Amino acid sequence: MERETIDKSHSPQEISRHWYRFWEESGFFHADAASQRPPFSIVVPPPTNAGESFHVGHAFALTLQDVVVRWKRMCGFDVHCLPGLDHAVISAQTAVERQLAREGLRKEDIGRKAFQSRVSKWANESGGAILSRLRAMGYSLDWTRFDHDATISRSVREAFVSLHAAGLVYRDNGVVNWCSQCGTALSDLDVDSSETESGRLWFVRYLVADGDKRESIVVATTHPETILGDTAVAVHPADARHRGLVGRDVTLPVLERRIPVVADSAVDKDFGTGAVRVTPAHDPKDFLIARHLGLPCVNVMDERGILNENAGPYRGMDRLEARRGVVARLEQEGLLVSAIPRQISISRCRRCRAIVEPRLSLQWFVKTRALAEPAIVAMEEERVTFIPESWRKTSIEWMRNARDWCVSRQLYWGQRIPAWTCMACKTLIVAREDPARCPDCGAVNDILQDPDVLDTWFSSALSPYSSMGWPDKTADFARYYPNDVLMATPDAISWVSRMIMMGLRCVGDVPCRKVFVNGLARDERREKESNARGDAIDPLDLIEKHGADTLRFTLTALAAPGADPSPGEARLLGHRAFVNKLWNASRFVLLNLDGEIARPEELAGELSLPSRWILSLLQKVIARVQQSLQGYRFDLVAHELYHFVWRELCDWYIEMSKSLLAEGATAAKTRRVLIDVLDATLRLLHPVIPFVTEELWQKLPHDGASIMTAPFPLADASRVDDPAETEMGRLKQLIAGVRAIRSLYEVEPRKKIGVTVIARNRDDREFVERHRSPVLCLARVGRLDVVSANTERPHTIRHLAGDLELRIPMAGLFDIAAEMTRLSKERLMTASAIETLRKRLDNPQFVARARPEIVVEHRERWGALTTRMEKTEETLRELTGGRQSDGSVSLPEE
RNA sequence: AGGCGCGUGGCUCAGUGGUAGAGCGCUUCCUUGACACGGAAGAGGUCGGUGGUUCAAUUCCACCCGCGCCUACCA
């Protein structure tokens, strides 16, 4: 048979590109709605196309997702998993506005149409960068179904119109988060309010109008410039200090406007002076008070954050300029009582980082509470389950507290709101199709569409079914909805919550049955990965340096529930070494295939101990890996396979196979076992490290076109062989025991030594004889004797390897004092272990109340330790005798 | 302030009501034909603190301390 050659190490870049193209061109990623196989579908949380592309957090969630996808596919499922990419309307628009600014232009200068085509171009480039990273990571996504614009806009209209008809979407004036740099409203989730800055709390005196000059009320404010928009001063109705002023007017400083003093229970009596200025256009709470009491609203700022005509002398200034002006004026007029330093929390736009201020404007809102109720019920009834479970509570909590969601954005780029106004009769029309005429007055002209677009998350929330062609009744939708699972990062939990609300409302079922939430990716400084900070790690750099398999294996191994992975350099190197180890184990197998190879059915006959042992172990590994995958314990999957490959297959089986391959009697079967075990191992590893496993699998004798369509291994109970595992355990202990003594006495690694085993009985003797060959080879023993207890020679190194007693005569000198120190330490350790057990066994309560098998186990352990103790003490006595004669002992050369 | 989570060897993390584990790092020795991205052997932890439940607590409970994430408030 002609076999491929294999290098000493592999080149991840080349094989990755090669195999990804092969998989994609072979159509292995496609879902097939006509398939007879059971369906399995996954919702992809779309990476935001925000120009910063794709960070480690995405790589983390998507890697775990691809592990599931590949595993399910190998288990025979027809898997539906599409690449996702959301519009990120603000980011896209901001990026293009910056480009324009460099050309000295504003979006208004080039017009909506031209602007949109520029954003579209930008989004394609930026999106392309993300999509190429998804490929580089090896994600097996169905690219043939990736079509993110055409159907989405129909889905969005359908959802919006039906929600509006049900009264769950409405248009109203409201105080919303306003980003004056982006020039748009933002939802609560678009705002980052974690930052504080040093500011001041100013105390300002408002004089009572028509009153005594001494009558006044003092209010506190952190934003003095907005007093220009005050329309009242509010106090608590039960506050005795101010009761007399309620109903009277005060004079607004600077503008000299008369405003009333009102009572409202929303005021906190204990804060500041207990009197609060009411600025309905710039504070959500004040807005509610004003609405309640019928107070006017005065907006003093335009959409760019510049003070407007309502600001009197400060018109045209920005906020800080106006603030300085107002403060100076108040000081001049003696109305500034005091100013104390204070940390003020500031809100920033998550996209452009500009400071966000509340501002009154006409917007579209989604009634979150009403949508949340059925979603909360669905979670409580476990129609959606969370992994880890605790996220359910977080999601419910989020839904309970969510305020109405502002979904309109004053942008040029994004899904236009399907609402029109008839200029003739002012009727508001919300419709699926562009209206040709006004349904009210019949006008055909001057029906203007709302200029606003929808929040990115509005359409993203629909993606679990919009991507399947909803609202059309497509075969995909019928087959793959609801999705089986959604795999998300923790910061997407509010997005997931909205998705569940929208799914239940729009299509009447949850978007997915399970939500898996992974840990939060951190950088090497253990800080949260952040796009906004701009120094996030680009997974592409890691891939180029270490290979996608290494990155994937690292992320998988770090995916312990609740743990926050940080794929630092050292960690990646450790896992890269594993990939290399696997490569070289495969190389060993490939280089040893010349010669007869037993047919699979021949393994049913007699087999060597190591072969029985590794096959038995493999079954257990398969079972544990399956179980871990089912429980989303990706960390355990990685650790299990790491340990099996390195610590069992390589360290023991491959080592022992060397002598088995050298003997005619065992060689053919050993080749078969090596191939079978490696083949199964590669298939087990394929979901985690797809590229290298494909490369190796293709080089090995194999059936089928690709490892990714090969069946995932199933445990074969008939191969489980506990006696073989026990026997192998004893053998490993014997070899390790000799090695430990060699190392302790710094025996030259090349030098062969002699070992005598003290056989207690026939069983011990036969055991050693049976395994003479691996002991000679793996422990570098030149001569192995088995003697009865009465033939032991004094003054040799004595060692207990498990239950076997070894005597190792050392060539040359050995230090009695050192040997005694070692044994004394061992005696001490053993004594303390015996003491602990003795105490328990002497306690009548323990014997009476502990489970009987525990008591038995304690007795057995106590017995074994006592025997060990006796041996150790015996040796110490012998050594003491030896020292009495000459202080050290010279032993004959072996 | 509230919700959730986390505190186990130098680092990152598993785990368990009854002998404390892994990977990386560290120490010593070794280029022996799969692999120096390697091999062999080691060192290293009173499992955050205090109480409680129990024959027995790193594990269960309570409180405390420290850290993280999220939400809210901040005139």
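Trainee: In this predicted model, which residue of strand 12 stands opposite V176?
Mentor: Start with the pairing. Strand 3 (residues 169-179) and strand 12 (residues 355-366) run antiparallel, and 11 bridges link them. Across from V176 in strand 12 stands R359.

Trainee: Which residue of strand 12 does S347 stand opposite?
Mentor: S347 belongs to strand 11 (residues 336-349), which is joined to strand 12 by two bridges. That pairing is antiparallel. The residue opposite S347 is V356.

Trainee: Which residue takes a positive phi in the hairpin of strand 11 and strand 12?
Mentor: Look between the strands. The hairpin has five residues there. One takes a positive phi near 70°, and that is R353.

Trainee: What is the bridge partner of V366 in strand 14?
Mentor: Strand 14 (residues 405-406) pairs with strand 12 in the antiparallel sense. Two bridges hold that pairing. The partner of V366 is W405.

Trainee: How many of the residues of strand 12 are buried?
Mentor: Buried here means under 20% relative accessible area. Strand 12 is mostly covered. Of its 12 residues, the buried count is nine.

Trainee: Which strands stand at the edges of the open sheet of five strands?
Mentor: The sheet is parallel, in the order 2-1-20-21-13. Its neighbouring strands are turned by 20° against each other on average, direction ignored. An edge strand has a single partner strand, so one side of it is left without a neighbour in the sheet. The edge strands are strand 2 (78-81) and strand 13 (385-387).

Trainee: What is the bridge partner of I387 in strand 21?
Mentor: Strand 13 runs parallel to strand 21 (residues 512-517). Three bridges join the two. The partner of I387 is F516.

Trainee: Which helix packs on the sheet and touches strand 1, strand 2, strand 20 and strand 21?
Mentor: The helix covers residues 56-74. Its direction makes about 175° with that of strand 1 (39-43). The name is helix 2.

Trainee: Why is strand 1 described as largely enclosed by the rest of the structure?
Mentor: Count its residues. Strand 1 has five, and it is largely enclosed because the number buried is four.

Trainee: Which residue of strand 2 does I42 stand opposite?
Mentor: Strand 1 and strand 2 run parallel. Four bridges join them. Opposite I42 stands C81.

Trainee: And on strand 20, which residue does V43 stand opposite?
Mentor: Strand 1 also pairs with strand 20 in the parallel sense. That pairing has two bridges. Opposite V43 stands L486.

Trainee: Is helix 21 roughly parallel or roughly perpendicular to helix 22?
Mentor: The axes of helix 21 (residues 722-744) and helix 22 (residues 762-770) come within 11 Å. They cross at roughly 75°. Angles of 65 to 115 degrees count as roughly perpendicular. So helix 21 and helix 22 are roughly perpendicular.

Trainee: How many charged residues does the contact of helix 21 with helix 22 have?
Mentor: Helix 21 brings E727, R730, L731 and L734. Helix 22 brings D763, D764, F767 and R770. By class, three are nonpolar and none is polar. The charged count is five.

Trainee: How many nonpolar residues are in the contact of helix 15 with helix 18?
Mentor: The axes of helix 15 (residues 548-557) and helix 18 (residues 634-662) come within 7 Å and cross at roughly 115°. F553, T556 and A557 of helix 15 meet F634, D635, A638, H639 and Y642 of helix 18. Two of these contact residues are polar and one is charged. The nonpolar count is five.

Trainee: How far apart are the end C-alpha atoms of helix 17?
Mentor: Helix 17 (residues 609-630) has 22 residues. At 1.5 Å a residue, the expected span is 32 Å. The model agrees, with the end atoms apart by 32 Å.

Trainee: Which residue with a positive phi follows helix 17?
Mentor: Helix 17 itself is mostly covered, with 16 of its 22 residues buried. After the helix comes a phi near 60°. The residue is Y632.

Trainee: How far apart in space are I6 and R587?
Mentor: I6 lies in the segment before helix 1 (12-26). I6 is buried, at a relative accessible area of 9%. Its contacts beyond four places in sequence are W583, R587, L590, L696 and K699. I6 and R587 are 581 residues apart in sequence, yet C-alpha to C-alpha the distance is 6.5 Å.

Key:
Residues numbered from 1 in each chain as written. Chains lettered and ligands numbered in written order. Predicted model: local features only at pLDDT ≥ 70, side-chain atom pairs only at ≥ 80, totals over all residues. Heavy atoms only, no water. Axes fitted to C-alpha atoms, helices over the stretch in contact; angles between N-to-C directions. Parallel < 35°, antiparallel > 145°, perpendicular 65-115°, else oblique. Contact = heavy atoms within 4.5 Å. Nonpolar A, V, L, I, M, F, W, Y, C, P; charged D, E, K, R; others polar. Expected span 1.5 Å × (residues − 1). Buried < 20%, exposed > 50% of the residue type's maximum accessible area, 1.4 Å probe, protein only. Pairing = 2+ DSSP bridges.
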